[in-house]
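Work through the exercises below with the sequence and the 3D view open beside you, and try each task before reading its solution.

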Amino acid sequence: MAQTSDRSKYLISPALVIGLFIVAAYGYFALSSFFAKGPPGTQFAGGPTFDNYWRVLSFGSNQEVLLSTLWASFVISVITIGVAVPMAMVIVRAKREWIGNLIMLAIAVTFLSGGVTRAYSWLILLGNKGLINLGLTSLGIVDAPIRFLYNWSGVGISIAHYLLPFAVFTLIGAVRNLNPSVEEAARSLGASRTTTFWRITMPMLLPGLMVTLVLVYSIALASFLFPMLLGGGKVRMIANQIYDRMFVEYDIPYAAATAVVFLISAFVSIWLISFVAKKIEKAVS
Amino acid sequence: MFRRDFESKFGIAVTALATLATIFLLLPVLFVVLHSFSPTRYFQWPPQGFSLEWHQNFYNSELFMGAARNSFLMALIVTPLSLVIGIPASYALVRSQFRGKAIIQQIILSPLIIPGVVTGVSLLSLLSTMGVRIGLFGLCLGMLVFALPFSIRALSANLLGLDPRIEEAARNLGAGPVRTFFAIVLPQLKSGILAASVFVFVEALDNFSISVFLTNDSTKVLPVAAYQYIKDFDDPTVAAMATALIVMSVIIVAFLEKVMGFQKSLRL
């Protein structure tokens with residue numbers, strides 16, 4: 001036993017060195033949030049202060065960006081899961097296997113083609129004269145082009161699209177664990193398909209849905225490129241605010257305080273979602 | 001009889017929704033490929049012909065080719081390193097008990113729960129305080145730090161599915177720990193290694209939130225170059241870059257499918 005433990009020390013130490021390096025970086029950055037902005041080329045100066053936190057928490061624009069990041073991420077995650085559930089069900093349950101394989105292929109290619117590619121594509125697709133608006137107007141669904149860019153709708157669409165592969169991958173496991181005979185039992189006892197879906201399938205799927213929600217929510221919170229590109233400065237999420245404070249205002253302590261407040265609210269909101277999820281699961285079962 | 005009824009009818013609504021979702025998923029990927037062959041600078045429908053101008057533009061651009069060199073160089077350095085460091089680490093984390101294991105695991109995996117932008121600024125902050133100039137070294141270090149947890153997670157998932165008794169049997173038959181590792185463990189880790197390398201490689205090429213902080217003009221990488229180009233120019237050259245990346249990802253998927261079936265290899 002002592003020998004095993006000795007050996008694992010050597011096996012793990014390179015990774016641990018790297019881990020300690022990044023934890024040191026986090027710690028140092030968090031530390032700088034308690035100081036004032038330093039002269040160019042330095043990280044921070046002066047004595048300890050809570051000034052940056054006061055600025056982050058008291059300015060209306062900061063509160064707005066924080067709250068809209070949390071709320072929008074939640075809404076986008078819920079919508080994404082709504083889109084992902086049918087995909088996961090078809091992948092797992094389709095009688096013809098090629099259908100499921102085809103969807104998996106589409107997900108894999110999209111997933112691997114990267115975020116920048118997709119952000120750019122949505123930028124062109126969602127323009128006033130883009131394919132989406134062209135389709136909507138020529139089909140007579142809308143009279144005038146809808147403005148998707150530089151507001152939450154375009155940013156939300158692109159983030160949902162980015163989250164979708166993660167959601168489907170996670171849900172596949174949950175759907176696979178469902179026992180179809182329970183649903184069949186409900187049907188044979190006279191429940192309609194819709195009733196069976198909402199009263200039997202969904203409650204059984206609930207734990208999986210909640211795990212997926214927490215995962216995609218945490219990815220959505222970190223969105224940076226999509227609001228930057230499709231929000232055009234009008235839609236800003238926390239990550240964009242941190243970036244601007246680093247590279248526009250060169251105020252590292254302010255950026256650090258923003259990041260600390262962001263992380264704390266992210267963890268609290270994730271904890272809250274998990275807490276509510278457990279309550280719901282208990283109530284349902 | 002009843003089962004069939006349940007599946008087929010229930011399937012229609014769900015299948016329709018899944019089809020729409022798949023169209024939504026594929027639309028930007030297919031569209032950007034189409035757009036890269038556009039004869040006009042701006043999007044037009046139906047396309048008025050076919051042009052390779054943007055592809056030529058991309059492959060002749062000093063900005064993009066320099067960025068592609070940096071990106072691939074970085075990905076080719078970071079991917080093997082994340083395996084060489086990640087395989088022993090995940091073996092230790094999965095197979096043995098030692099003091100402080102939980103906290104060590106937390107430390108190593110911490111970039112998984114911290115948003116990329118925060119990891120990026122933190123690294124930039126520490127590196128510049130340490131006097132490390134932002135260059136290829138800082139960029140590779142940053143990407144390694146960020147990608148290692150993903151690699152360890154994929155490898156650990158694979159290791160958890162392996163039966164440790166096979167290793168014990170090898171040891172009992174007289175094989176040393178090194179030989180057991182190379183002859184027994186490593187061959188069984190094939191799918192985890194493949195998944196980890198695909199993920200790290202793609203992440204290294206695509207990551208924006210770390211690299212935007214750790215690059216300068218001489219170490220610009222593809223996503224950062226693309227972002228700057230989109231801001232300054234309004235033409236489909238970035239669509240040509242996207243097409244190249246999509247072709248690469250199709251090749252990767254085909255390769256994974258051939259080696260082991262991608263359903264198995266994409267359990268990340």
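The exercises that follow go from whole chains to single helices, a loop and an interface.

This is a predicted model, in which local features need pLDDT of at least 70 and side-chain atom pairs count only at pLDDT 80 or more, while totals for chains, interfaces and linings use all residues. Residues are numbered from 1 along each chain as its sequence is written, and chains are lettered from A and ligands numbered from 1 in the order in which they are written.

**Exercise 1. Describe the make-up of each chain.**

Begin with secondary structure, where helices (H or I, at least four residues) and strands (E, at least two) are DSSP runs numbered from the N terminus. Chain A has 12 helices and zero strands, and chain B has 13 helices and zero strands. Next, consider the extent of the C-alpha atoms along the principal axes, which is about 75 × 70 × 35 Å for chain A and roughly 75 × 70 × 30 Å for chain B. Then turn to burial: a residue is buried if 20 or more other C-beta atoms, placed from the backbone, lie within 10 Å of its own, exposed if 12 or fewer do, and partly exposed in between. By this rule 45% of the 285 residues in chain A are buried, and 44% of the 268 residues in chain B are buried.

**Exercise 2. Find where helix α9 of chain A bends, and what its buried residues pack against.**

First compare the lengths: α9(A), residues 193-221, has 29 residues, and its end C-alpha atoms are only 36 Å apart, short of the 42 Å of a straight helix, where the expected span is 1.5 Å times one less than the number of residues. Second, locate the bend, which is about 50° at L206(A), with a proline, P207(A), following within four residues; the bend is the angle between axes fitted to the seven residues ending at a residue and the seven starting there. Third, list buried positions, among them L205(A), G208(A), L209(A), T212(A) and L213(A). An α-helix has 3.6 residues a turn, so residues three or four places apart point the same way. Finally, the buried residues of α9(A) pack against α3, α7, α8 and α12 of chain A.

**Exercise 3. Decide how α3 and α11 of chain B are oriented to each other.**

Start from the angle, about 155°, with the axes of α3(B) (residues 62-95) and α11(B) (residues 222-232) 8 Å apart; axes are lines fitted to C-alpha atoms, for helices over the stretch in contact, and angles run from 0 to 180 degrees between N-to-C directions. The two helices are therefore roughly antiparallel, a label for angles over 145 degrees. Now name the residues that meet: L63(B), F64(B), A67(B), A68(B) and S71(B) on α3(B), and L222(B), A225(B) and Y229(B) on α11(B).

**Exercise 4. Place S51(B) in its surroundings.**

S51(B) lies in the loop between α1 and α2 of chain B. It counts as partly exposed because 15 C-beta neighbours lie inside 10 Å. Beyond its neighbours within four places in sequence, S51(B) is in contact (C-beta atoms, placed from the backbone, within 7 Å) with F37(B), S38(B) and P39(B). The C-alpha atoms of S51(B) and P39(B) are separated by 4.7 Å, although these residues are 12 apart along the chain.

**Exercise 5. Characterise the side of chain A that touches chain B.**

Count the residues: 73 of chain A are in contact with 74 of chain B. The largest share of the chain A side, 21 residues, comes from helix α1(A), residues 2-32.

Note on methods: Contact = placed C-beta atoms within 7 Å. Parallel < 35°, antiparallel > 145°, perpendicular 65-115°, else oblique.
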